[in-house]
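Please walk me through this structure, starting with its pocket and going on to the strands, the helix beside them and the nonpolar cores.

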Amino acid sequence: MDLDEIMAWTQAERLGLAEFLDELDEHEWLADSLCPGWTVHDVLAHVTLSNRVTFWPTIAGVIRARGNWNRMTERMARDHAARYTPAELIAQLREGAGSARRAPGAGPLDPLVDTMIHGQDIARPLGRGRAMPTEQAVVALEHVLRSPFYGAEKRVHGVRLISTDADWSTGAGTEEIRGPLSDLLLMATGRTAGLDGVTGTGVQRIANRL
């Protein structure tokens, strides 16, 4: 894909998320997100770090977390959230919206996926809707399915995924799951909340893997 187009999509998604977050009240920042143990405030802090964290702090964080990448990511997000208010983090999100810098090891599409997924992590527990643009959602989902980082291939193995809000499908399994792209993307990235909007013979198989 064209890198300029990916960057434009990422910038638009970040700015859209910042606008969405402007509407949250003080109680919603303390609410649990879809990420276990993370508040909405923590998730926003994590998103702002996607173009701020550099190589050596990442290595130091991995060592501190004894090689556990998820634990390192969680600690960095919580530390960042502790230093900045939600308003300051929203300002950081806007400030870095057009930045092409990426976290160590991230590819061009990962910041887009990160922003789209974490936008849902924030919105859904709060009962707020946040739509995903169709073309970007398809590209993000296809990236997640082929990238070893997200572990999606193992989750959806043997199941055909069919979008109900776009002309898109993938997989050659004997079982199938139908649902909106946003739910398929959540499910592919290991979020049980994605199962709420899908149907099909493969739902239970996927549920057992989440």
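**Pocket, strands and cores**

The lining of the largest pocket comprises 18 nonpolar, 11 polar and 5 charged residues. This is a predicted model, and the space in that pocket comes to about 1100 Å³. The lining has 34 residues, of which H46, N70, T73, H118 and F149 are the closest to the pocket centre. Two helices, α4 (69-83) and α6 (110-123), each give at least two residues to the lining of the largest pocket.

The strands can be followed from β1. This strand, residues 159-163, is mostly covered, with 4 of its 5 residues buried. β1 pairs with strand β3 (residues 175-179) in the parallel sense, over 5 bridges, and S163 is placed opposite G179 of β3. The pairing of β1 with strand β2 (residues 169-170) is antiparallel and has 2 bridges. There, L161 stands opposite T170 in β2, and the hairpin that joins β1 to β2 runs through 5 residues.

Next comes helix α9, residues 181-188. Because 8 of the 8 residues of α9 are buried, this helix is largely enclosed by the rest of the structure. The buried residues of α9 are L181, S182, D183, L184, L185, L186, M187 and A188. Their cover includes the helices α6, α7 (134-146), α8 (152-156) and α10 (203-207), along with the strands β1 and β3. After α9 comes G190, which has a positive phi near 90°.

The strands and α9 lead on to the nonpolar cores. The largest nonpolar core has 33 residues, and those that touch the most other members are L141, L145, L161, W168, I177 and L184. At least two residues of this core come from each of α1 (3-21), α6, α7, α8, β1, α9 and α10. The most is given by α7, with 7 residues.

I177 shows how these parts meet. Leaving aside residues up to four places away in sequence, I177 touches V159, R160, L161 and I162, then L184 and M187, and further V198, T199, G202, V203 and I206. A second core is separate from the largest one and has 21 residues, among them A18, V43, L89 and L93.

Taken in order, L161 faces T170 across the β1 and β2 pairing, and L161 is also among the residues that touch the most other members of the largest core. L184 likewise belongs to that group, and L184 is one of the buried residues of α9.

Technical notes:
Residues numbered from 1 in each chain as written. Predicted model: local features only at pLDDT ≥ 70, side-chain atom pairs only at ≥ 80, totals over all residues. Heavy atoms only, no water. 1 Å grid on protein atoms, 1.4 Å probe; cavity = no way out; pocket = protein on both sides within 12 Å on 5 of 7 lines; lining within 4 Å. Points joined across faces, edges and corners; volume = space filled by probe spheres on them. Nonpolar A, V, L, I, M, F, W, Y, C, P; charged D, E, K, R; others polar. Buried < 20%, exposed > 50% of the residue type's maximum accessible area, 1.4 Å probe, protein only. Pairing = 2+ DSSP bridges. Contact = heavy atoms within 4.5 Å. Core = buried A, V, L, I, M, F, W, Y, C linked by side-chain atoms within 4.5 Å.
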